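The following report works through selected local features of one model, moving from backbone geometry to ring contacts and a pocket.

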Amino acid sequence: MSGSKGVLLMAYGTPETLGDVEPYYRDILGGRAPSAEAVASLTERYRAVGGRTPLLEITRSVVHLLEERLNQGDGTTTWRTYAGMKHWHPYIAEAVERIAADGVDELVALPLAPHYSRMSTDAYRGALVRGMEQASSGVPVRFVESWHGNPLFRAFIAERIREALARLGEAAPDAEVLFTAHSLPAGIADEGDPYPRELADSAAAIAEASGIASWRFAYQSAAKTGTPWLGPDIVESIEQLAGEGRKDVLVVPFGFVCNHLEVLFDIDIAATQAAAALGVRLSRIEMPNDSPDFVEVLLDIVTAGTGARTVDLRA
C-alpha cells in the first residue's frame with residue numbers, strides 16, 4: 001500500500017464476558033494466577049455495571065471516526081487506523097500483525113491516556129515493540145507518550161466542565177470541582193516519574209480555561225497491594241469536602257477518556273454511594289468517548305503533534 005500511514009490507538013482492555021474476568025486478570029498480573037477472592041471481587045464490579053464495559057466498542061468507534069477524518073485531507077496519503085489493547089483482545093501484538101500485513105509505511109502509536117508515567121505508558125510502548133519484533137516489522141513509529149498539553153484537549157475538558165456545571169443549575173456556584181486520575185504506587189514520585197507533575201499542570205490549565213474559581217485534585221482506583229499509593233484518594237477528598245459543608249461535588253476524571261470500570265463503577269457507584277452517605281451529591285462530566293470533538297483532538301495530535309511529546313521507535 002504505497003503512500004499509506006497508520007494510527008494505532010491503544011487502550012487498557014476489558015473482559016467481554018464475566019467468564020473472561022479471570023484470564024483478563026491473569027494477563028494483568030503477567031501470567032500469575034489471581035486469588036479466587038480477587039477474581040470474585042472484580043467479577044462483582046463488572047456485574048454491577050451490567051457484566052461488561054463499552055471500552056472496546058467506544059475505542060473501535062473512535063478508530064473508525066478518526067480514519068474517516070484523516071482521509072478527508074488532501075488525498076495524497078491513505079490513512080489506516082487500528083485498535084490494540086494492552087490486556088485483552090484485540091491485543092496490541094494482534095493489531096501490529098494487521099499493520100504489517102497492510103504494508104503501512106509509517107505509524108503513529110497513541111495510548112489513550114493523556115498523561116505519561118513510566119509504569120503505564122511504557123507498558124504500552126513495550127507491548128508495541130514486542131509486537132513489532134514478533135511480526136518482523138520495521139515500520140517507522142512515532143510513539144506519542146504524552147499529550148495532556150494539547151490545547152484542544154484542555155479546551156474540550158474545560159467545556160465539559162462548564163456543561164456539567166450548567167446542568168447543576170442553582171447548585172453550581174457552591175459545587176467543588178474535583179479532578180481525578182488513576183492512582184499509581186507512591187514510590188514512582190520518589191523515582192522522579194513525571195506523572196504527578198503532569199497531572200498537576202494539566203488540572204491547573206484546564207481549571208483556568210474553564211473559568212472555575214475553586215477546585216481540587218484526587219487520585220482514584222488504587223489497587224489493594226499492601227503498599228502506599230498516590231493520594232489523596234477520591235473518597236478521602238469527598239470526606240474532607242463534606243466536613244467543610246460542601247453539598248455538591250463535580251468529578252472531572254481527566255485522566256481517562258471513556259466509560260470503563262474506573263468511571264462506571266469506581267465513580268458512578270462506589271464514590272457516589274460514599275458521597276451520599278456523607279450528604280454530598282456527586283456528579284461528573286460526560287466522558288470524551290467517541291464524541292466528534294474528541295476525535296478532532298486526536299486528529300490534531302496525530303497530524304500536527306500539538307502539545308504532545310513523541311519518541312521515534314523501531315523494533
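## Backbone and side-chain features

Asn289 has a relative accessibility of 14% and therefore counts as buried, the limit for that class being under 20%. The model discussed here is a predicted one. Asn289 is found in the loop that runs between strand S8 (281–284) and helix H12 (292–303), and its phi is near 50 degrees, a positive value in a residue other than glycine. Most residues other than glycine have a negative phi, and most peptide bonds are trans.

A positive phi of about 50 degrees is also found at Ser136, which is not a glycine either. Ser136 belongs to the loop between H5 and strand S4 (141–146). With 68% relative accessibility, Ser136 counts as exposed, because the class begins over 50%.

Two peptide bonds that precede proline are cis. The bond from His89 to Pro90 is cis, with omega near -10 degrees, and Pro90 lies in the loop between strand S2 (78–85) and H4. A further cis bond joins Gly231 and Pro232, where omega is about 10 degrees; Pro232 has its place in the loop between S6 and helix H9 (234–243).

### Aromatic pairs

How many aromatic pairs does the count come to? The count comes to eight aromatic pairs. One of them is formed by Phe179 and Trp215, an edge-to-face pair with 5.4 Å centre to centre and 85 degrees between the planes. This pair links distant parts of the chain, since Phe179 is in strand S5 (residues 176–182) and Trp215 in strand S6 (residues 215–220), 36 residues apart. The two partners can also be described by their accessibility: Phe179, at 0% relative accessibility, counts as buried, whereas Trp215, at 31%, counts as partly exposed.

The rings of Phe217 and Tyr219 have centres 4.8 Å apart and planes at 85 degrees, so that this pair is edge-to-face, the limit for that class being over 60 degrees. Tyr219 is buried, with a relative accessible area of 5%. Ring pairs link Phe179, Trp215, Phe217, Tyr219 and Phe254 into a cluster.

Ala181 is found in strand S5 and, at 0% relative accessibility, counts as buried. Leaving out residues up to four places away in sequence, Ala181 touches Tyr195, Leu199, Phe217, Ala218, Tyr219, Gln220, Phe254, Gly255 and Phe256. The C-alpha atoms of Ala181 and Gly255 are separated by 4.3 Å, although the two residues are 74 residues apart along the chain.

### Charges over rings

Two charged side chains are placed over tyrosine rings, as the table sets out.

| Charged residue | Ring | Distance from ring centre |
|---|---|---|
| Lys86 | Tyr124 | 4.2 Å |
| Arg309 | Tyr116 | 5.5 Å |

In the first row, Lys86 lies over the face of Tyr124; in the second, the charged end of Arg309 sits over the ring of Tyr116.

### The second largest pocket

Lys86 appears again in the lining of the second largest pocket, together with Asp27, Met85, His87, Tyr91, Ile92, Ala93, Ala123, Ala127, Arg130 and Gln134. This pocket has a volume of about 190 Å³. Which element supplies the largest share of the lining of the second largest pocket? The largest share, four residues, comes from H5, while helix H4 (92–102) and helix H5 (121–134) each supply at least two residues of the lining. By residue class, the lining divides into six nonpolar, two polar and three charged residues.

### Two further positions

Ser4 lies in strand S1 (residues 4–11) and counts as buried at 1% relative accessibility. Apart from its neighbours within four places in sequence, Ser4 is in contact with Thr77, Thr78, Gly103, Val104, Asp105 and Glu106.

Ala113 has its place in the loop between strand S3 (106–111) and H5, and it is partly exposed, with a relative accessible area of 24%. The C-alpha atoms of Ala113 and Glu145 are separated by 8.8 Å, the two residues being 32 residues apart along the chain.

How values were computed:
Residues are numbered from 1 along each chain as its sequence is written. This is a predicted model: local features need pLDDT of at least 70, side-chain atom pairs count only at pLDDT 80 or more; totals for chains, interfaces and linings use all residues. Side-chain values use heavy atoms; hydrogens and water are left out. Rings of Phe, Tyr and Trp (its six-membered ring) pair if their centres lie within 6.5 Å; planes under 30 degrees apart count as stacked, over 60 as edge-to-face and the rest as tilted. Buried means under 20% relative accessible area, exposed over 50%, partly exposed in between (1.4 Å probe, protein chains only). A charge sits over a ring if NZ of Lys or CZ of Arg is within 6 Å of the ring centre and within 35 degrees of the ring normal. On a 1 Å grid over the protein atoms alone, a cavity is a set of points where a 1.4 Å probe fits but cannot get out, and a pocket is an open set with protein on both sides within 12 Å along at least five of seven lines; lining residues have an atom within 4 Å of a point. Grid points are joined across faces, edges and corners, and a volume is the space filled by probe spheres set on the points. Ala, Val, Leu, Ile, Met, Phe, Trp, Tyr, Cys and Pro count as nonpolar, Asp, Glu, Lys and Arg as charged, and the others, Gly among them, as polar. Contact means heavy atoms within 4.5 Å.
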